[in-house]
Amino acid sequence: MSGFKKFDGGKLRWDLVPEDALEEVVKILHAGADRYGDWNWLDNADEVKYTRYINALERHFKDFKRGEDFDKDSGRYQLAHIICNALFMLQYQIMGRGIDDRKKTKLEIEQQLNQIALAKFKDE
């Protein structure tokens, strides 16, 4: 019996990522880097509106819903383009970057104002 031990509990399970799908996303990122430059989507990140990526995502999703599996310009999967746009927005949120210009509901605005007021109250 071996004395080998490795404690993997609580560590991220990268083996759960679907590799073929991820490769298609990387192909989109690679083509984007060739066309616009590496990490171009981070250039001027503090000035980029979320709706820019939302609109791109929605255009690809609209085409996908209409039965177009592949983007006419790139020849790549629509869903891979959608995932890229979603990844960019997620990274912006994680980093606290970009301009969140999403349309908010009245309830969401009220909740945000309440959070701000509560934070100010706690600081006093």
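## A walk along four helices

Start by selecting Trp39, which is exposed at a relative accessible area of 57%. (Exposed means over 50% relative accessible area, buried means under 20%, and partly exposed is in between, with a 1.4 Å probe and protein chains only.) Before you click on, note that this is a predicted model, in which local features need pLDDT of at least 70 and side-chain atom pairs count only at pLDDT 80 or more, while totals for chains, interfaces and linings use all residues. Residues are numbered from 1 along each chain as its sequence is written, and side-chain values use heavy atoms, leaving out hydrogens and water.

**Stop 1: the loop after α1**

Keep Trp39 selected: this residue sits in the loop between α1 and α2 (50–65). Check its backbone, too, as Trp39 has a positive phi of about 55° without being a glycine. Now add Asn44, which belongs to the loop between α1 and α2. Asn44 is another non-glycine residue with a positive phi, near 55°. Its side is open as well: Asn44 counts as exposed, with a relative accessible area of 54%.

**Stop 2: zoom out**

Switch to cartoon and show the whole chain. You should find four helices and zero strands, running α-α-α-α from the N terminus on. (Helices are DSSP runs of H or I with at least four residues, strands are runs of E with at least two, and both are numbered from the N terminus.) The radius of gyration of the chain is 20 Å, well over the 14 Å that the globule rule gives for 124 residues, so the chain is more spread out than a compact globule. (That radius is taken over C-alpha atoms, and the rule is 2.2 Å times the number of residues to the power 0.38.) Rotate the C-alpha trace and you'll see that it spans about 55 × 55 × 30 Å along its principal axes. Colour by accessibility, and buried residues come to 19% of the 124 residues.

**Stop 3: where α1 crosses α3**

Select residues 19–36 for α1 and 78–95 for α3: their axes come within 9 Å and cross at roughly 75°. (Axes are lines fitted to C-alpha atoms, for helices over the stretch in contact, and angles run from 0 to 180 degrees between N-to-C directions.) That angle makes α1 roughly perpendicular to α3. (The scheme calls angles under 35 degrees roughly parallel, over 145 roughly antiparallel, 65 to 115 roughly perpendicular and the rest oblique.) Show side chains for Glu24, Val25, Ile28 and Leu29 on α1, then Ala80, His81, Ile83, Cys84, Leu87 and Phe88 on α3, as these make the contact. (Contact means heavy atoms within 4.5 Å.) By class, the contact has eight nonpolar, one polar and one charged residues.

Is Glu24 buried or exposed? At 16% relative accessibility, Glu24 counts as buried. Beyond its neighbours within four places in sequence, Glu24 is in contact with Arg76, Tyr77 and Ala80.

**Stop 4: out to α4**

Finish on residues 106–123, helix α4. At 1.5 Å a residue, its 18 residues should span 26 Å, and the end C-alpha atoms are 26 Å apart, which agrees. (The expected span is 1.5 Å times one less than the number of residues.) This helix is hardly covered, with zero buried residues among its 18. Pick Gln111 in α4; at 42% relative accessibility, Gln111 counts as partly exposed. Last click: draw a distance from the C-alpha atom of Gln111 to that of Lys11, and you get 34 Å between residues 100 apart along the chain.

Definitions and conventions: Nonpolar A, V, L, I, M, F, W, Y, C, P; charged D, E, K, R; others polar.
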